[in-house]
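Hi,

Here is the structure I said I would pass on. Have a look at it first, and then read my notes underneath.

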Amino acid sequence: MKVFVTGVCGQLGHDVMNELAKRGIEGIGSDIQPAYAGIEDGTPVTEMPYVQMDITDASQVRDILTRENPDIMVHCAAWTAVDKAEEMPEACRKVNAFGTKHIADVCGEMDIPMMYFSTDYVFNGNGTRPWEPDDPYEPLDVYGKTKAEGEEAVLAAVKKFFILRIAWVFGTNGKNFIRTMLKLAENHDTLKVVCDQIGTPTYTYDLARLVVDMILTDRYGIYHVTNEGEYISWYDFAKAIFEEAGIDTVTVLPVTSEEYGAAAVRPYNSRMNREKLKENGFEPLPDWRDALKRYVAILQKGNL
C-alpha cells in the first residue's frame with residue numbers, strides 16, 4: 001500500500017508518517033515547505049519520501065498525484081489559525097476549501113480513497129447534546145465555514161471517503177494549548193482561561209494509530225474522533241495540565257468567552273459523539289488524561 005499524506009510538517013501529518021513507518025507501510029509525505037521540516041523524535045519519518053506540493057495549485061496537485069498514483073490519500077494539511085482566518089478569509093478558504101477540492105477532484109477521478117480531517121467548528125456550538133456525525137452544518141466563523149466547504153468538496157467528488165472531525169488537537173510537532181500553558185507558567189503566576197467552551201482533546205499520536213487502522217479497511221463514512229474521557233472546559237484542561245506537570249505556582253482563573261475576547265467566535269459546545277467508531281469495529285482513542293500524562297512526560301524529558 002502506498003499512502004500519500006499532506007501536511008506532514010504539522011502535528012498530525014508528522015505522527016501519521018511515523019505510524020506508517022512503524023508499521024512498514026509506504027508513505028509519501030508532502031507539504032508546502034521545500035523539504036521536510038519537523039522535530040527529530042527517534043522515528044524514521046525523515047527517511048520517508050517527501051514531495052513539495054502546494055495544495056492551492058490545482059495543476060500541481062493533479063500532476064503530482066497522477067505521477068505518484070497512491071492507493072489512498074490522507075489529507076492533513078489545513079489552515080488552522082482560527083483568529084487569523086477572520087483577518088484573511090480568502091487565504092483561509094484557498095487552503096481549506098479550494099485546496100481540499102483540488103485533491104478531492106483528482107481522488108474522485110482516479111478512484112483513490114481519501115481521508116479528510118474536519119472539525120467541531122462546522123456546528124453552531126449551541127446546547128449540551130453531543131454532536132452526531134449527521135448533524136447539519138452551521139459554522140460560526142470563517143475557519144468553520146471553510147472546513148465545512150472542504151467536507152462538501154470531498155462528499156461531492158469522492159465515493160470512498162473518511163471524514164474525521166477532531167477537536168482541541170495537540171501533538172509533538174507544533175504549537176498547541178498544552179505547550180502554551182506550560183510556557184506561560186514560566187513567567188506568570190496567574191492565568192485566565194475560558195470556562196464556558198466544553199469538549200475533549202485529541203492527541204495526534206493516538207489519532208495517527210486510528211488513522212492507519214481505518215485506512216486499512218473500507219469502513220468509509222463520517223466519524224467523530226477525540227480522546228475518550230469526560231467532557232471538560234479549557235479551564236479544566238489547563239488545571240489538569242499543571243497538575244500533571246507538577247506545577248503548583250500558577251493560579252488558573254475561569255473567565256467567560258465574552259470576558260476573554262477573541263477575533264473568531266468559538267463554539268460553546270464541542271461535545272462530539274464518538275460511538276460510531278465502536279459501532280464500526282475501531283478501537284477508540286485512550287482517555288484524554290492518559291494522553292496528557294504521556295505527552296507531558298515527553299515534554300519534560302526535554303527531547304522537544
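Below is what I found, going from the whole chain down to single residues.

Two housekeeping points first. This is a predicted model, so bear in mind that local features need pLDDT of at least 70 and side-chain atom pairs count only at pLDDT 80 or more, while totals for chains, interfaces and linings use all residues. Residues are numbered from 1 along each chain as its sequence is written, and side-chain values use heavy atoms, with hydrogens and water left out.

**The whole protein**

The secondary structure comes to 11 helices and 13 strands; these are DSSP runs numbered from the N terminus, helices being H or I with at least four residues and strands E with at least two. The radius of gyration is 19 Å, close to the 19 Å that the globule rule gives for 304 residues, so the protein is as compact as a globular protein of that length. (That radius is taken over C-alpha atoms, and the rule is 2.2 Å times the number of residues to the power 0.38.) The C-alpha trace spans about 55 × 40 × 40 Å along its principal axes.

Of the 304 residues, 53% are buried. Buried means under 20% relative accessible area, exposed over 50%, and partly exposed in between, with a 1.4 Å probe and protein chains only. Taking contacts with a separation of 6 or more, 78% are between residues 24 or more positions apart, where contact means heavy atoms within 4.5 Å.

About 13,300 Å² is exposed, and carbon and sulfur atoms supply 49% of that; the areas come from the Shrake-Rupley method with a 1.4 Å probe, and for residues only the protein chains shown count as cover. On charge, there are 31 positive and 47 negative side chains, with the centres of the two sets 1 Å apart. Lys and Arg count as positive and Asp and Glu as negative, without His or the chain ends, and each charge is placed at NZ of Lys, CZ of Arg, CG of Asp or CD of Glu.

**Two helices**

Helix α7 covers residues 204-215 and reaches 16 Å from its first C-alpha to its last, close to the 16 Å expected (1.5 Å times one less than its number of residues). How many of its 12 residues are buried? The count is 10, so α7 is largely enclosed by the rest of the structure. Charged side chains are in that buried set too, including Asp-206 and Arg-209.

Helix α8 (residues 234-245) also has 12 residues, and its reach of 16 Å is close to the expected 16 Å. Its buried residues include Trp-234, Tyr-235, Phe-237 and Phe-242. What do they pack against? The partners are β7 (169-170), α6 (177-184), β8 (190-194), β12 (232-233), β13 (251-255) and α11 (288-300). After α8 comes Gly-246, with a positive phi near 70°.

Ala-185, in the loop between α6 and β8, ties in here. Leaving aside neighbours within four places in sequence, Ala-185 is in contact with Phe-242, Ile-247 and Val-250. Ala-185 counts as buried at 14% relative accessibility. Its C-alpha is 35 Å from that of Glu-283, 98 residues away in sequence.

**Positive phi outside glycine**

Asn-69 has a positive phi of about 45° without being a glycine. Asn-69 sits in the loop between α2 (58-68) and β4 (72-75) and is partly exposed, at 46% relative accessible area.

Trp-168 is another non-glycine with positive phi, near 50°. Trp-168 lies in the loop between β6 (161-166) and β7, and is buried at 9%.

**A few more buried positions**

- Asp-31 is in strand β2 (residues 26-31) and is buried at 14%. Beyond four places in sequence, the contacts of Asp-31 include Gly-7, Cys-9, Tyr-50 and Gln-52. Tyr-50 is 19 residues away in sequence and 8.3 Å away, C-alpha to C-alpha.
- Arg-165, in strand β6, is buried at 1% relative accessibility. Between the C-alphas of Arg-165 and Lys-147 there are 9.9 Å.
- Val-142 belongs to helix α5 (residues 142-157) and is buried at 14%. Not counting residues up to four places away in sequence, Val-142 touches Ala-85, Glu-86, Pro-89 and Cys-92.

Cheers
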